[in-house]
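Biologist: Could you take me closely through one part of this model, a single sheet and the way its strands are arranged, and then set it in the context of the whole chain?

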Amino acid sequence: MNRNLVIKVSVRRILLCAVLFMLHFSLLANHVNAQGLPLIRNFTTNEYGGHNRCFDIEIGDDGTIYVANFEGLLYYDHVRWRIIHAPDISRVTVVYRDSQNTIWVGGYNLFARLEKKDNGELYMEPFEQKGRFKGEVMEIFEEDGSLQFVASDNNIYSVRDNTISLKMRTNANFLPGIDSDIVSLEALKNGKENAILDDVTQIEQLDGGLQVVVKKNNGLIITDSLGKELYTITEENGLCSNQIAYVAYDGHGMLWGATLHGIFAIELPSVYSYFLAKDGFTGEVHAITAFNDMIFAGSSNGIYFISSRQCKRINEVNNICWMLSSYGQDLLAATSSGIYKIKSLHATKGRVETSRMTSNATTAIFVDGEKVYAGEPDGVWLYESDFKQRIKLNDLQLVTDIRRSTNKNNQSKAPRQNDNQTGLWFQNVHGETIGSNPEAVKEPLADISDNLLMPVSDIEVKAQYLYGNQVWIGGDEVLAIIDTDKKNLLALADSRTVRFRSIIMGNDSVLWGGFGNMPKALPKLSSNERHLHFFYALDYSPLSGKTLYRYKLSNNNWSGWTDKQDIEYLNLPYGSYTLSVQAKLANGELSEVTSIDFTIAYPLFMRWYMLVLYLFLFAYVVYLLFLYRLKKLKKDKIKLEKIVEERTADLRNAQGELIRQEKMASVGKLTEGLIDRILNPMNYIINFSKMSNDLLKDLKENIDKNKESINEDDYDDTLDVLDMLTENLQNVDQYGQNTTRILKAMEEMLKDRNGGYVDTDLLPVLVQNKEMLYNYYSKEIEEYHIQVVFSLPAEQMPLHGNPEMLSKTMMSLLGNSIYAVIKKAQKMNAGSSAQSYVPEIGFTVSIPSKDTYILTIRDNGIGIEEKILDKVFDPFFTTKTTDEAAGVGLYLSREIIQNHGGTITVKSVKDEYTEFTVTLSK
């Protein structure tokens, strides 16, 4: 903190009188230079992370900003804000930089200095007070070669050799509190009770012949070197607070301030000044001109004029202003609602008078004495006699540019003959022109050097104007002023030193804190310390323009330019590196390159002796693999030979099976032909046997009728022969029937059952089977008291199959169950009367998954012997008599189920139960 004000109060009073005199004089002045306001950057609590109440501010020799804050000491290294808390987490009220560039801190019962750790981190080293002073440190200053401070216990203390001693007692009566009061040391030493400055609390000298005056609770006053007020900066201009505690100038064109409501930075002094939206200027600029010592700017939101560094809007014009031009003692404005005439009544007070001259939208005007040429939607018009006469010159619509033609004898291509007599050139929004050789328009920016233009290069220039040595630039919601007389001020921001402000490993381990002499290399990092975060910045950076940075790691290429001020490596490979950083200043010039070396150690398993060990191990493993592979090849050879033998045998078996199938196919074709050949004769045999039996009956009746005429022995012999013939014919009929049944079964086996597949619902088929069972076997069910239980699902059972074939299969299985329980019932009834037996048949459907149905048919009948269980699905195998079955039912059932992609299995215990399980898929 610069304490010249509180040390030399007599000088301050002289300066204060001079300032007040110049303030009074400035109010009587009739002219104020047209210039904008400096850029202001406010820092909020969300940015700096402390309390909004700040008491003091100081700048270190490396550009670091130190702020005394209610929560501790804030410091800003131009990358990040950080905070150092006091030992008892109390407020810090004073921060001071002495002649040796040491930073001292004072607060409530606190006096300390900032120290640096070996790794460049800052920490607060408090002095042991031992009851030396009580209360709050209010001022720190240097005098008589020693460091001194004022405490709220009304005493001045001296600091020598790390010892605090009482310097003098004062008559002041400081009230306890947290106000940012500035103490007058002169008043203290003169024994005055009131030593608090109540008006001007600080005067800070700036470069460029400027100085800033801090008015208590009233913001800042910027004056020239003679104390003449130039302008004020308050909350109305965008300052975060008028309650300024202290300001500090960094010597590089930046004024920093601490207030009771945040921290601010002002680019002052500067080549550049601005009018922004916060200053009342809005819209896209289309025209700029000077008139009666005021700057007028036309934008898409109307017309603005600059007076006493204030931007004011002409309320009468609410539409787009396309062009401004002087007209005698007045100013004309071409707007989308017509042409306006503007009179300046009092430049210093910012009063203007506006009158509307035309009502047609006007996109361009050109003033030639008392003649006014206007581009309107339907063509170009000439206004004379103070807009009392109106003449149409041509039909070129929406003209945006009108200039003098350097060749007045040019032949015009206009639709009217008098066009070529104007000596003017016209161009519309579509690029169509009338006239030729227009006068060249000199752009003020063409004469500005690149280093002056770079800081404002982000502005998309829509209009430009040269006013003395000032170049005014208009863009989108911005008016920027380049004061070429002050271009030497660019050197203030010419900071060429980039510093690594901090280097962090992981999330919180600080390798380098950024303060003191930066080492050329970091300490060697272990193999698990590969997450590094580097922060870097220039010592000083202006607000105008952008400071850009680039970096490269070791011999890699430079990164692109960016305003990012940190680089994070999450998982760097092991090895040695050099990180280099360079900045591009706002004026386009390059800073020096700053570098730092660091090494990430290889882990134990990657060191050279381990690599040698790995090599030996690898060779040994290769040798073992070679032995293993050789052994495996031998084993594979034996296995392969065995597989070849097995495959050969399988091939032979397959070949034999093919031959057998061919034979079976041939037999099938032969059988299919023989069935018809045999079945017809068998039908004749059966029929003839029945007819012969009937004839025998007739013959026996005839013999009975003629019994009396036949010898008794002959009669008996004849009856015996007839009985034998009858019995023989019955056997012929029975065996004929059996043979026919077998032939029909063979015929059924030869049928093609692969067709008739449709998308159907299996549930109705099963319900129909249930009804058919009760219909076909109603007599048996009633006679033997058979209990039949169907457990069917409630939901549908979609299936792709042949419902007729599936129905036959289910009925066949159910018929077998009926047969089995009847046989067991007959057997039980023929035995002891004490035995009781209840025939039961169960049909159950389960759905284990959405694509599978399981149908179970179970009965408690006679069962199947275990030794024949695996034969029940063979063709023509049956446990029934020849009269009862042909033995193809289960064979056909399995074939049908398999054709549907399902399976059928059987479980049985003799004389206990039989269970068939059918599995079907959708």
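Modeller: In this predicted model, the part I would single out is an open sheet of four strands, which follow one another in the order E21-E39-E38-E37 with antiparallel pairing. Its edges are formed by strand E21, covering residues 272-276, and by strand E37, covering residues 463-467, each of which pairs on one side only. Direction ignored, neighbouring strands of this sheet are turned against each other by 15 degrees on average. At the E21 edge, the partner is strand E39, residues 478-483, and five bridges join these two antiparallel strands; within this pairing, Ser273 stands opposite Ile481 of E39.

As for the wider setting, the protein has 53 strands and 11 helices. Of its 922 residues, 45% count as buried, while the accessible surface comes to about 48100 Å², with 50% of that belonging to carbon and sulfur atoms. Among contacts with a separation of 6 or more, 57% are between residues 24 or more positions apart.

For a helical counterpart to the sheet, one can turn to helix H10 (residues 803-830) and helix H11 (residues 889-899), which pack at an angle of about 145 degrees with their axes 10 Å apart, H10 passing H11 in a left-handed crossing. On the H10 side the contact includes Met805, Leu806 and Met810, and on the H11 side the residues met include Leu890, Ile896 and Ile897. Taken together, the residues of this contact divide into seven nonpolar and five polar, with no charged ones.

Note on methods. Residues numbered from 1 in each chain as written. Predicted model: local features only at pLDDT ≥ 70, side-chain atom pairs only at ≥ 80, totals over all residues. Heavy atoms only, no water. Pairing = 2+ DSSP bridges. Axes fitted to C-alpha atoms, helices over the stretch in contact; angles between N-to-C directions. Buried < 20%, exposed > 50% of the residue type's maximum accessible area, 1.4 Å probe, protein only. Contact = heavy atoms within 4.5 Å. Areas by Shrake-Rupley, 256 points an atom, 1.4 Å probe, with all protein chains shown as cover. Left-handed = near helix turned anticlockwise from the far one by under 90°. Nonpolar A, V, L, I, M, F, W, Y, C, P; charged D, E, K, R; others polar.
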